[in-house]
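Student: Could we go through this structure slowly, setting each value against the definition behind it?

Tutor: Yes, please look at the sequence and the structure first.

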Amino acid sequence: MSNFNFHVKPIGLFDMLHFKKMVPARQKALACGSTTSVTGVYGSNKLAGILHPKTQCLTISEIIEHGENAKSYVLTGEHPAPFRAGQYLSVSLKIGSSVLTRPYSISCSPKWASESKYALTVKRQQDGFASGWILDNWRVGDEITTSGPEGTFYYEPLRDAKHVVGLAGGCGITPFLSMAYAIRDGVEDFRLTLLYGSRKEADILYRRELDEIAKATDKVRIVHILSDEKKEGFEYGFITAEEIQKACEGDTCSLFLCGPAAMYAFVDKEIEKLNLTGKFIRHELYAAAASPGKFKDYPGDTGKAFTLTVKLYGETLTMPMASSETVLVALERAGVAAPSRCRGGECGWCRAKLDSGEVFLPAFLDKRRMADVRAGYIHPCCSYPLGDLAIEVWPE
Amino acid sequence: MEHAYDVVVIGAGNGGLTAAATMAKAGKKTLLLEQHNLPGGFATSFVRGRFEFEPSLHELCDVGSEENPGEVRRLLEQTLGISVGWAAVPEAYRLITIAEGKDNLNVVMPFGVKEFVDQMEAYVPGSRKSMEKFIKLCEQIMAALAYIGASGGKADPEVLMKEHANFLKCGGYSVSQVLKSLHMPKKAQRILCAYWCYTGVSTDELNFALFAAMLYKYLVKGAWIPKMRSHELSVALDARIRELGGEIWYNTRAEKILTKDGKIIGVHTNHGDIKTGHVIACCSPNAVFGDMMDHSDVPEKQTRMVNARRIGARGFVTYLGLNKTADELGLKDYSYFIYESMDTVKESARADGFNDHPMQATVCLNRANPGCSPEGTCIMSFTTLYNKDVWGDVPPEDYVNKKREVAEKMIRDFETHVGISLTPYIEEIEIATPVTMARYTLNPQGAMYSYSCGDWDTMLPRLMMLKEDQIVPGIRFAGGYGPRIYGYSSTYLNGELTAKLTLADMKEAAQ
């Protein structure tokens, strides 16, 4: 089309005047703004701060003992962030010269947050660095620093079946306890059948609490399975496909798993027999193993000592690093407060730039973004060094 | 202050990344600060289960093909030298309206000028003449904008009058006003304006030249997305900045802009003080003049200016990872706009609060990027906008249920009006509200669209007032807060423009 005579108003000249008025109109409007001091913080920003605080300062107000090797800590704070049953807090610790974090599932009802408290349960891990220290050192009145509630291991009605079968091993019961409370308290609405594996009857955590919840609501049912002890009133053995099928009672169920790596290894094989689509199987994070030696495709030697060079906001540090430990642990041992939360490869909070060297990242823990993999970023929480490394990290 | 830089860029959003790369390329000692642990701001990605989701990008405008590159490809690939794996978006859009009775629309519009005009004629016989006029006007606007851009803010009024008369005649009007004058059939106008939600401003308020330029660029250059989500672009820019000698500090908050005798002398951060005479802020002027500067250092004119501006639209997005393919589900198109009606004034008003049928711009990522999710699956995202900070008023204890309620409505509307079932196949779901966006970007009210470009604050007067908008010397704004307004392509281009202006500032200061 050739040019045409365009106009909005009957005479084109008026249109041009209209154009010319744009700048004066904007000048006038800008000059009419108020002189009240400006702010960048509004309702949504404040709500983000309430729901997702970067850190929370909490005081230990009560300690509940569960036998010799597990304790629950009631933590109180001014306005602890609301959480979804199944979420965790990342606890910041200073042990000797190490600075580190540990994720612990919140074990109380989500209602507790509105009463300004949380509960965390810590069980002594064999060869564990932090759990034993916490059990031996945390006292009533101590102040601790945690993250906000994190993690995505929670019930989501738009995604999950109305009937959830929880497969818990040992201390892995804690997120399910919170879910059971949430159902009892009317915060969540779904059926929860728990297959809870313990070694012996005496090892069962929260038995009384779970029984009380099951009595209070018919939406929660508990089946105890003991692996090291035959006893009346308990199932014996491991969590098998058969047990799971029985627990489903013919429903299409979502299976939620939380427990130690050994339990996942066994139960995942059992679940395969059930031929379920992945949508109905959800795992709480795997904590990265203490040593990479047991990963089948590990190409390294766990007995080596390497050097880690770290770029930190324009400064450079070097530190020793053992091939048997993750890069994150090496940083923490050297007292570098590198960011971390989930410690299972998933949250990405520890994302660091690998400038040189090679690491081993177990495939099932590798949840890095595609572009990050290509550009050489690593998640130090589940990266094991295969030689000397140079990285850049950004402590908070 | 032990660290000293020629320029400190605050915020590694698209504008900050581009500005930092441009400054570093010009040989300036550059430090980019980002409070989050990732580059990109809204241009990022996140992983849930076996899916990696795109948080915000639907389609990047002005990329163009290798043979016919647009401004954005020119900037990213030729000027800055990054390489990106691009995937082409297959069609312009599918537009569905659901509350207009017999006038409900359900149309699919293609890219390409001829294709678009032909398809419009097929849907609205008799529309061709007005559509051709519209296209001609678009071409004239593009030519005028190119002239204004090349003139460096010193466009000659005589040249404009003589060579760009039609641009001057339409440039001051809204989309609605101009389309009416073209005698375009009402139905064609309704189909033509589907992209209005990309600006968040009703067609009564939206400047015609701005809209026409956007639509025309989409038609001529198509739309593209990076294959590894927008995070691919952000990471590539991050790497390029380092290559060019720049530094990037993540998890670093610019807490205070330090001044002495009215001059910028540095930036105070949670990781110490940094000496610099120049700040490029890829963050809100509200944050800079409200929270990072002593109010006594902020001129009254600047305060009035910030307060006069209207915070742009806030986004809400539901992300689904589905355990069926797009083919299996029957998802034929990439981009779906579902509105109650094409009365954009009404639609915009509905976005002032919560409502039963939130307007939606929905994407099936696999339709442009088939390998974006594992075999047998696909990824969708459903976006709506809010014109007010309504999410800020939700009680914390109701928040999770409220966001699920909105997400459910959007999914249900999609299922009903596109006629396919999605809910049984949801393997992963995540929901981001303006609160989520406030959390990660710190933008006031979680706004995606910086300051609204509605009414008087549109692109043309912003460009024409480049010089006088600069009130506090030493601070310039990039990203969505730059002169070319918001939207992915604009934020990259704003970053470059702001860096160039800062380089000019430096030159001037040296003389």
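Student: What makes strand β4 (residues 98-105) of chain A largely enclosed by the rest of the structure?

Tutor: In β4(A), 6 of the 8 residues are buried, so the strand is largely enclosed by the rest of the structure. A residue is called buried if 20 or more other C-beta atoms, placed from the backbone, lie within 10 Å of its own, exposed if 12 or fewer do, and partly exposed in between. Strands (E, at least two residues) and helices (H or I, at least four) are DSSP runs, numbered from the N terminus. Please keep in mind that this is a predicted model, in which local features need pLDDT of at least 70 and side-chain atom pairs count only at pLDDT 80 or more, whereas totals for chains, interfaces and linings use all residues. Residues are numbered from 1 along each chain as its sequence is written, while chains are lettered from A and ligands numbered from 1 in the order in which they are written.

Student: How do you know which strand pairs with β4(A), and in what sense?

Tutor: Two strands pair if DSSP finds at least two bridges between them, and strand β3 (residues 88-95) of chain A shares 8 bridges with β4(A), in the antiparallel sense. Tyr88(A), for example, stands opposite Ser105(A) in β4(A). The two strands form a hairpin with 2 residues between them, and Gly96(A) in the turn has a positive phi of about 60°.

Student: Why is one side of β10 (235-236) and of β12 (281-283) of chain A left without a neighbour in the sheet?

Tutor: The open sheet has 6 strands with parallel pairing, in the order β10-β9-β8-β7-β11-β12 (chain A). β10(A) and β12(A) stand at the edges, each with a single partner strand, so one side of each is left without a neighbour in the sheet. Strand β9 (residues 220-226) of chain A runs parallel to β10(A) and is joined to it by 2 bridges, and Ile225(A) stands opposite Glu235(A) in β10(A).

Student: How does the radius of gyration of chain A stand against that of a compact globule?

Tutor: Chain A has 27 Å, but a compact globule of 396 residues would have a radius near 21 Å; the radius is taken over C-alpha atoms, and the globule rule is 2.2 Å times the number of residues to the power 0.38. Along its principal axes, the C-alpha trace of chain A spans about 95 × 55 × 55 Å.

Student: Why is Thr203(B) called buried?

Tutor: Thr203(B) has 25 other C-beta atoms within 10 Å, so it is buried, although its place is in the loop between α8 (186-192) and α9 (208-221) of chain B. Leaving aside neighbours within four places in sequence, Thr203(B) is in contact (C-beta atoms, placed from the backbone, within 7 Å) with residues including Cys193(B), Trp196(B) and Thr344(B).

Student: What is the span of helix α15 (residues 399-419) of chain B, and how does it compare with the expected one?

Tutor: This helix of 21 residues reaches 30 Å from its first C-alpha to its last, close to the 30 Å expected at 1.5 Å a residue, where the expected span is 1.5 Å times one less than the number of residues. Among its buried residues are Val400(B), Met410(B) and Phe414(B).

Student: How confident is the predictor in chain B?

Tutor: On pLDDT, the predictor's confidence in each residue from 0 to 100, chain B averages 95, and 100% of the residues score at least 70.

Notes:
Contact = placed C-beta atoms within 7 Å.
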